[in-house]
Amino acid sequence: MGRTGSTRRTFVMGAAAAGGAVALGTGTAATAAPSQGRQQTVAVLGGGVAGLTAAHELAERGFAVTVYERRALGGKARSMDVPDSAKGGRKPLPAEHGFRFIPGIYHNLPDTMRRIPFPGNAGGVRDNLIAPKEMMFARNNGREDLRIPIPGEKEPAELTLDDIRRALTGLLETGFNLPLHEIAYFVNRAVVFLTSCEARRNSTWEDTPWWTFVRAGQMSKEYQRILAVGITRNIVATKAEVASTRTVGTLGEAFAFNALGRGADGPPDRILNAPTNEAWIDPWVAHLSSLGVTFRIGWTVHEVRLGGDGLVSEAVIEDADGVLRSITADHYVSAMPVEHARRTWSAGLRAADPQLARCDQLRTDWMTGIQFYLTETPPLVQGHFNCIDSPWSLTAIAQARHWPGRDFAADYGDGVAKECLSVDISEWDKPGVLYGKTAKQCTREEVAREVWAQLKDALNDTGRTVLRDGTLHSWFLDPGVDGIGTPHPTNQDELLIHPVGTLYNRPSARTAVPNFFLSGDYVAVDIDLATMEGANASARQAVNALLDQTGSSAPRCTVTPLFRPPELESLKRQDHFRFRAGLPNVFDLG
């Protein structure tokens with residue numbers, strides 16, 4: 001959300017000088033101490049999931065909140081309209097940065113969703129979550145695709161380590177054509193991680209690439225593609241050769257126990273029953289407005305400045321008319337993605353807190369969506385599918401069939417398109433199958449053709465035509481991607497990735513500056529992945545830090561950690577003693 005560089009437009013520096021500065025509260029110097037007899041003001045810089053969550057929690061606790069967002073509320077989570085696509089009184093075709101996926105391992109985000117009213121829903125927006133029936137791993141070259149039923153909500157069951165080992169072995173034996181010795185080795189590595197203490201995870205496994213941990217270099221191509229590349233690139237959006245084992249393993253553990261009915265808010269796979277803005281973002285914004293939150297849309301943060309008293313004194317923000325304004329508040333929550341937020345931190349602010357400088361070491365990569373609108377409903381799996389062998393690591397879902405109560409053709413577009421096939425492109429730096437170019441080297445048109453070809457390679461290779469060229473109505477590629485096909489491609493919406501060592505550079509929500517707080521999926525939270533859950537949890541931590549700083553008596557936000565299976569705690573305790581003694585995990589065969 002931040003932007004650097006000079007501007008030719010008017011720079012309004014203060015009310016006394018120009019009369020146009022915007023002040024939150026009294027307009028006097030910010031203070032981190034509780035004020036007497038007036039409402040505390042907070043400037044939330046960024047209107048994605050992190051910013052809206054912070055605004056929600058603060059407004060419920062009596063703060064006067066203004067959210068500044070450069071583009072559109074909802075950030076990467078929002079849906080958007082395809083320009084000039086509506087005809088005959090219908091809504092525009094719905095598009096998005098990437099499809100929404102809200103697994104049962106999430107607890108904090110669903111809690112927020114329950115508190116957003118929605119007509120007819122006792123459980124608020126959370127009741128708009130539905131569970132697909134199945135998922136699929138689609139293979140190329142005539143290999144059979146693997147369709148996996150998705151378990152629904154069920155009562156938790158106590159599990160032994162042998163239960164877990166058998167479940168993992170059975171899945172791999174049933175679903176993938178892997179040599180038995182490779183299956184046995186991978187299951188052993190899973191057991192090693194599951195029984196590793198936190199100290200071993202945070203040091204040894206944080207510094208070990210997933211590729212090395214699972215010994216992918218010594219295994220078959222199938223093993224590499226499915227259990228190394230497939231898990232990391234397609235799901236975690238990072239490269240197996242550099243991805244932290246701690247990150248991949250922690251999320252794998254959570255998903256595995258979710259599938260086994262342990263520690264879940266709901267089924268392993270949940271999606272919204274309508275376009276994201278209709279089902280979630282728009283009701284959320286309406287609710288926050290009812291709580292008194294003010295929104296400034298089209299306002300771009302340039303710089304957050306530190307005053308002589310060691311507090312943030314102002315944020316320099318360009319308004320929707322291109323005028324630079326000096327914004328003052330009692331407190332500031334930086335809720336932008338890290339690649340935008342760190343550009344706005346002034347030299348003085350960085351000098352005041354070394355953890356801000358460490359954020360420069362955090363890395364982001366491209367993971368961007370494209371939608372294909374079809375004139376017929378293809379015979380696809382009832383849920384997400386993962387194109388394991390696609391060069392660009394594609395994952396996708398046909399959405400309209402999951403939107404009950406909506407007739408896609410009657411409600412959206414020109415009345416001809418009946419389905420929206422939403423596809424995430426996770427790999428932008430490997431050659432495709434049509435042009436021999438990477439996605440970044442392709443034009444937008446070439447990207448669309450290439451993705452379509454890779455989808456057909458995965459879906460049309462077993463004697464059945466699932467996707468037909470004649471049904472392709474139109475396509476829409478995220479407008480945040482710009483300059484592809486030129487030497488300098490850019491993407492406004494990159495995704496935080498987790499190479500080894502990332503944990504050490506993730507900041508806390510509380511900073512050394514008493515009235516400045518961080519919120520975003522790059523902040524150190526329990527879920528170690530760029531997710532909406534991470535953004536939500538970090539916002540709760542930022543609000544709690546603000547409440548502590550001000551001495552507020554308001555109740556603290558609940559921050560629910562990832563599920564930790566109690567049946568493994570004794571093994572983790574034993575591993576802790578082994579780790580302190582310099583010994584490997586007892587199950588580690590090397």
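The expected span of a helix is 1.5 Å times one less than its number of residues. Helices here are DSSP runs of H or I with at least four residues, strands are runs of E with at least two, and both are numbered from the N terminus.

**Entry 1, ground rules.** I am reading a predicted model, where local features need pLDDT of at least 70, side-chain atom pairs count only at pLDDT 80 or more, and totals for chains, interfaces and linings use all residues. Residues are numbered from 1 along each chain as its sequence is written, and side-chain values use heavy atoms, with hydrogens and water left out.

**Entry 2, helix α15.** I checked the length of α15, residues 444-459. Its 16 residues should span 22 Å at 1.5 Å a residue, and the end C-alpha atoms are 23 Å apart, which agrees. Next I listed its buried residues (buried means under 20% relative accessible area, exposed over 50%, partly exposed in between, with a 1.4 Å probe and protein chains only). They are E446, V447, A448, E450, V451, W452, A453, Q454, L455, A458 and L459. I then looked up what covers them, and found strands including β6, β15 (368-374), β18 (419-425) and β19 (472-477).

**Entry 3, helices α6 and α17.** I noted that the axes of α6 (residues 198-205) and α17 (residues 569-580) come within 8 Å and cross at roughly 55 degrees. Axes are lines fitted to C-alpha atoms, for helices over the stretch in contact, and angles run from 0 to 180 degrees between N-to-C directions. The crossing makes α6 oblique to α17; angles under 35 degrees count as roughly parallel, over 145 as roughly antiparallel, 65 to 115 as roughly perpendicular and the rest as oblique. On the α6 side the contact (heavy atoms within 4.5 Å) is made by E198, A199, R200, R201, S203 and T204. On the α17 side I found K572, D575, H576, R578 and F579. By class I recorded 2 nonpolar, 3 polar and 6 charged residues. Ala, Val, Leu, Ile, Met, Phe, Trp, Tyr, Cys and Pro count as nonpolar, Asp, Glu, Lys and Arg as charged, and the others, Gly among them, as polar.

I also checked α17 alone: its 12 residues reach 17 Å from first C-alpha to last, close to the 16 Å expected. G582 follows α17 and has a positive phi near 80 degrees.

**Entry 4, the sheet β10-β11-β12.** I found 3 strands in an open sheet in this order, with antiparallel pairing. Two strands pair if DSSP finds at least two bridges between them. The edge strands, each paired on one side only, are β10 (300-306) and β12 (324-327). Neighbouring strands are turned by 20 degrees against each other on average, direction ignored.

Between β11 (residues 312-318) and β12 I noted 4 bridges. I317 stands opposite R325, and A315 opposite I327. Both faces of β12 are covered, with L324 and S326 buried on one side and R325 and I327 on the other. The hairpin has 5 residues between β11 and β12, and its G322 takes a positive phi near 85 degrees.

**Entry 5, positive phi outside glycine.** Most residues other than glycine have a negative phi. I looked up D84, whose phi is near 60 degrees. D84 is in the loop between β3 (79-81) and β4 (94-96), and is exposed at 80% relative accessible area. N141 also has phi near 60 degrees. It lies in the loop between β6 (134-138) and β7 (146-149), and is exposed at 71%.
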